[in-house]
Amino acid sequence: FAMDWKDTVLWKSKKIPNPKGRFLADPFLISHKGSNFCFVEDYDFKLNRGLISVIEMSRDKISDPEIVLSEDFHLSYPYIFEYNGEKYMCPETHQAKEIRLYKSSEFPRKWELVKVLMSGVSAVDSNIFRLHGKWWMLTNIDTSKTGEHCSELHLFFSKDLLDDIWHPHPLNPIIFNSEIARNGGLIIENDNLYRVYQKQGWDNYGEGLGVSRIVKINEFEYQEDSIFEISPSFFDNIKGVHTYNYKNGLAVIDFSSIT
């Protein structure tokens with residue numbers, strides 16, 4: 001728990017152990033009826049794909065991860081948000097060549113596919129939010145069709161969350177730089193938007209991360225300014241960190257260990 005997410009003392013964080021034969025990554029937070037819930041990628045080595053699990057968190061207790069969403073393809077990056085009293089999730093589903101939106105029918109355990117926002121696209125790690133009367137989507141697209149999702153950040157906008165048309169921003173890709181393009185979270189604080197980005201290392205996916213404040217976003221412009229970066233040094237024997245999120249005084253971050 002942290003009063004200010006910009007000054008979180010990460011070495012004081014509580015570690016959540018990986019379940020046997022699995023690993024947890026990509027934590028995202030949402031509150032419900034006074035409780036905090038963390039949704040994560042739950043990668044199963046036997047299945048060779050990720051599922052989505054939820055962990056209930058408080059100062060005194062952290063529950064075991066419980067699987068809440070599974071498909072025949074890999075799932076990760078469970079970006080979650082609330083709108084008009086409904087909770088939505090946009091997990092990474094690039095193996096399906098779709099950007100999918102799920103809605104909770106019984107929170108937090110039941111999720112149903114409500115809309116395929118885009119099809120025929122290899123996209124990962126999508127952030128969706130409402131601003132200036134429009135819906136916006138920041139997503140990493142592999143336009144080269146080489147399986148590389150770290151270099152291009154694309155922006156789309158729509159009148160309605162469930163609209164059939166998401167307009168590409170004229171500056172797409174708004175960022176073409178493997179050092180900062182890939183999403184690693186989104187922190188919304190009052191009227192300010194902060195995009196978490198991954199920093200890739202040599203043969204080390206997700207070696208570090210940074211946080212940029214989005215200072216300009218409209219149908220013709222996009223600008224963000226980096227405000228700080230985080231290296232994998234807050235615990236002993238770790239080599240990477242690539243997702244960071246904060247909500248209601250609770251900060252969550254993932255890390256990979258040196259094996």
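**Backbone oddities and aromatic contacts**

In this predicted model, N237 sits in the loop that joins β17 (222-230) to β18 (238-240). The backbone at N237 is a bit unusual: phi is near 60°, a positive value for a residue that is not glycine. As for its surroundings, N237 has 56% relative accessibility and therefore counts as exposed.

H132 tells a similar kind of story. Phi of H132 is near 55°, again positive in a residue other than glycine. The residue is found in the loop between β9 (123-131) and β10 (134-141). With a relative accessibility of 58%, past the 50% cut-off for the term, H132 counts as exposed.

Two cis peptide bonds also turn up, and each one leads into a proline. The bond from F107 to P108 is cis, with omega near 0°, and P108 belongs to the loop between β7 (98-106) and β8 (110-119). The bond from N172 to P173 is cis as well, with omega near -10°. P173 is placed in the loop between β12 (167-168) and β13 (175-176).

Now for the aromatic side chains. The structure holds 19 aromatic pairs. One of them is Y79 with F81, a tilted pair whose centres are 5.9 Å apart and whose planes meet at 45°. Y79 and F81 are both buried. Another tilted pair is made by W136 and F157, at 5.5 Å centre to centre and with 50° between the planes. Since W136 lies in strand β10 and F157 in strand β11 (residues 152-158), this pair ties together parts that are 21 residues apart in sequence. W136 is buried, and F157 is too.

Some rings join up beyond a simple twosome. F28, Y77, Y79, F81, Y83, Y88 and W135 are linked into a cluster by ring pairs. The Y79 and F81 rings described above as a tilted pair are thus among the members of this cluster.

Lysines get in on the ring contacts too. K15 lies over the face of F235, at 4.4 Å from the ring centre. K87 does likewise with F107, lying over the ring face at 5.0 Å from the centre. F107 has already come up in the backbone survey, as the residue on the N-terminal side of the cis bond to P108.

Technical notes: Residues numbered from 1 in each chain as written. Predicted model: local features only at pLDDT ≥ 70, side-chain atom pairs only at ≥ 80, totals over all residues. Heavy atoms only, no water. Helix = DSSP H or I, 4+ residues; strand = E, 2+ residues; numbered from the N terminus. Buried < 20%, exposed > 50% of the residue type's maximum accessible area, 1.4 Å probe, protein only. Phe/Tyr/Trp six-rings, centres within 6.5 Å; stacked < 30°, edge-to-face > 60°. Lys NZ or Arg CZ within 6 Å of the ring centre and 35° of its normal.
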